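Thank you all for making the time this morning. I would like to walk you through one protein, beginning with the overall picture and then moving to a few places in the fold.

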Amino acid sequence: MSEDSNDKAAARLFDAADGRVLAEAALRSITASTARVRGDAFLRLLVRDLAQALDVTYVIAGRVIGMDDGEGIRTLAVWAGGDYGANLEYSLRHTPCQDVTRQSMCFHARGIQGDYPQDTLLVEMGAESYIGMPMIDTEGQTLGILAAIDTRPMSEDKRLLALSLLSIFAARGAAELQHQDREQQLEAKVRRRTDALLAAQATLVEQEKMVALGTLVAGVAHEVNTPIGVAVTAASTMVSYAEQLLQCVGGERVSRSELVATAQRLREGAQLIERNLARAADLIGNFKQLAVDQGSAHVSEVALREHAQSVVSAHGPELRKVGLVVDIDIAPELRLWLDAGRWSQVLSNLLMNAAKHGYPDGGPGRVTLAMRLAPESEGAWLLAEFADDGVGLTAEARERLFEPFFTTKRGQGGSGLGMHIVYTIVHQMGGQVAVAGEAGAGCRLKLRLPIKSGVSSANRTRPQP
């Protein structure tokens, strides 16, 4: 071999070694800068570092998308000279990127605009050379491209360096895109299941409300039957008294004492009918008010003591069945602007929770319902307290009382939604509810409702609603 040939071979070996050193240095530098970032942040650092390592004007990382005229690219990161460029979308038709998405490396050392005359983006960039690699996932699908574009021709040495770096980081970029896809799929799946769970929960809550209303209807119907039955019996008796009175008046001799006695019996019967029909009317009125309240969502001024009494009266049959007495400690003048329907639901659920769970062996028992305004120094709040002297709550029940579907009566008709509905409604009204007192010493709950603009009390200056 001649001396000249030896010199050329040595030069090639030197250039190859120098290229490997350069590639290894660039690989270490890019790997170090991108090691601790993921997703779009990784791609932004990658395009910047690749542009610097390859000494090219542009580096693009983009995802394959569907467009009206076929496939296109949505850029995720663009390095444009000395800074990041704006992301954009463009069609793959008549572009070198189209060849890349067919899973082949595309290289044009010079004259790229002439090779793709319909690609106006290349003209805007002033592109002269191009090298691109596909980002392919583990299932063999092309997710995107990684391309280096320069405004100068690209030498063979630069091509080899670009080929090495783009091959490595196109695989890493594909992994990032695949990870993003899986995260999005997982998030979509979680959203679908969460929506389905919320829909199912809403349905169960509505069913629970209907069950509670059904129980209330049955109790009121049973309670109304008693005074109406008494009134019917009294009315029937009065008919016979009236016939006796007619016989006395129509007889030959009329006894004053007999007339007075018959009239007295008629008056007593009428009074008995009046009292029992008034009792039935009160029961029906309380039930009607409670049913209308729970079916409406209307803010109005509520006399809190009268409202609580109507709710307690409507639930009278269930409470008496257990032997519960309800003490209402609310000032008669305390009035508040609130959603009476939702507040009725809260009080109903609290009463029924005490009746069902507070006295598993039956009563007698005593429930206290108290309400007052917080001192002005503590803010504008209505403070309510509900307490019973029943068996109380276990440590687990105290922790999980407001969880949906938690119940100590599983398999015995308990749905586990009553106190969750209380918690949900109170928080929807901007308030708070919490368990107070010691474990095992009855059940004691504290509630707070905000007194907002348009909400008033007779104890304070009332703003116009």
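What you see here has 12 helices and 14 strands, and I should say at once that the model is a predicted one, so please take every value I quote as computed from that model. The chain has 465 residues, of which 41% count as buried. The accessible surface of the protein comes to about 25,100 Å², and carbon and sulfur atoms account for 53% of that area. If we take the contacts with a separation of 6 or more, 65% of them join residues that are 24 or more positions apart.

Let me turn to one of the sheets. It is an open sheet of five strands with mixed pairing, and reading across it the order is E9-E11-E12-E14-E13. The edges are formed by strand E9, residues 324–330, and strand E13, residues 432–436, each of which pairs on one side only. On average, neighbouring strands of this sheet are turned by 15° against each other, if direction is ignored. As a general reminder, the strands of a sheet pair through backbone hydrogen bonds, in either a parallel or an antiparallel way.

At the E9 edge, the partner is strand E11, residues 365–373, and the two pair in the parallel sense over seven bridges; within this part of the model, Leu324 stands opposite Gly365 in E11. Which helix lies across E9, E11 and strand E12? That is helix H8, residues 304–314, which runs at about 170° to E9, while E12 itself covers residues 381–388.

Next, a pair of strands that I have not yet mentioned. Strand E8, residues 299–303, pairs with E10 in the antiparallel sense over five bridges, and Val299 stands opposite Asp339 in E10. Strand E10, which spans residues 335–339, is mostly covered, with four of its five residues buried.

Finally, I would like to move to the surface, where Ile228, Val232 and Leu277 form a nonpolar patch with about 250 Å² of accessible area together. Of these residues, Leu277 is placed in helix H7, which runs over residues 256–294. Why does Leu277 count as partly exposed? Its relative accessibility is 43%, and because partly exposed covers the range between the 20% limit for buried and the 50% limit for exposed, that is the class it receives.

I will stop there and take your questions.

How values were computed:
Residues numbered from 1 in each chain as written. Predicted model: local features only at pLDDT ≥ 70, side-chain atom pairs only at ≥ 80, totals over all residues. Heavy atoms only, no water. Patch = residues over 30% accessible without salt bridge, like charges linked within 9 Å, V, L, I, M, F, W, Y side chains within 5 Å. Areas by Shrake-Rupley, 256 points an atom, 1.4 Å probe, with all protein chains shown as cover. Salt bridge = Lys/Arg side-chain N within 4 Å of Asp/Glu carboxyl O. Buried < 20%, exposed > 50% of the residue type's maximum accessible area, 1.4 Å probe, protein only. Pairing = 2+ DSSP bridges. Axes fitted to C-alpha atoms, helices over the stretch in contact; angles between N-to-C directions. Contact = heavy atoms within 4.5 Å.
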